[in-house]
Amino acid sequence: MYHYTDCGLRNVWLANGFRRRKTPYGPGVAIEGLAALHRAIGLWLVGKPKRLTGAEVRFLRKELDMSQKAL
């Protein structure tokens with residue numbers, strides 16, 4: 001399992017679709033199908049029965065390439 005925090009959300013864990021790599025700068029992770037992953041996260045968020053958190057709204061806004069004012 002990989003705790004994917006780079007998206008700005010604390011509750012995203014990946015069971016597959018990633019590879020751990022050694023880089024000249026230390027250990028790293030390569031995520032396959034990042035656009036599809038972000039789309040799946042976005043679809044999950046908009047179908048959530050509870051209110052969105054600030055971090056979730058920020059994730060959606062960034063994925064839609066919208067400013068705070070435009071949203």
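Helices here are DSSP runs of H or I with at least four residues, strands are runs of E with at least two, and both are numbered from the N terminus. With that in hand, Met66 sits in the segment after α2.

Quick housekeeping. This is a predicted model, so local features need pLDDT of at least 70 and side-chain atom pairs count only at pLDDT 80 or more, while totals for chains, interfaces and linings use all residues. Residues are numbered from 1 along each chain as its sequence is written, and side-chain values use heavy atoms, with hydrogens and water left out.

Back to Met66. Its relative accessible area is 27%, so Met66 is partly exposed; buried means under 20%, exposed over 50%, partly exposed in between, with a 1.4 Å probe and protein chains only. Leaving aside residues up to four places away in sequence, Met66 touches Arg61 and Leu71, where contact means heavy atoms within 4.5 Å. Gly28 is 38 residues from Met66 in sequence and 29 Å away in space, C-alpha to C-alpha.

Now Leu71, which also lies in the segment after α2 (54-63). Leu71 is exposed, at 54% relative accessible area.

Let's turn to the rings. How many aromatic pairs does a search of the whole structure find? Just 1. The ring centres of Tyr2 and Phe18 are 5.5 Å apart with planes at 35°, so the pair is tilted. The cut-offs: rings of Phe, Tyr and Trp (its six-membered ring) pair with centres within 6.5 Å, and planes under 30 degrees apart are stacked, over 60 edge-to-face, the rest tilted. Tyr2 is in strand β1 (residues 2-3) and Phe18 in strand β3 (residues 18-23), 16 residues apart, so the pair links distant parts of the chain. Both Tyr2 and Phe18 are buried.
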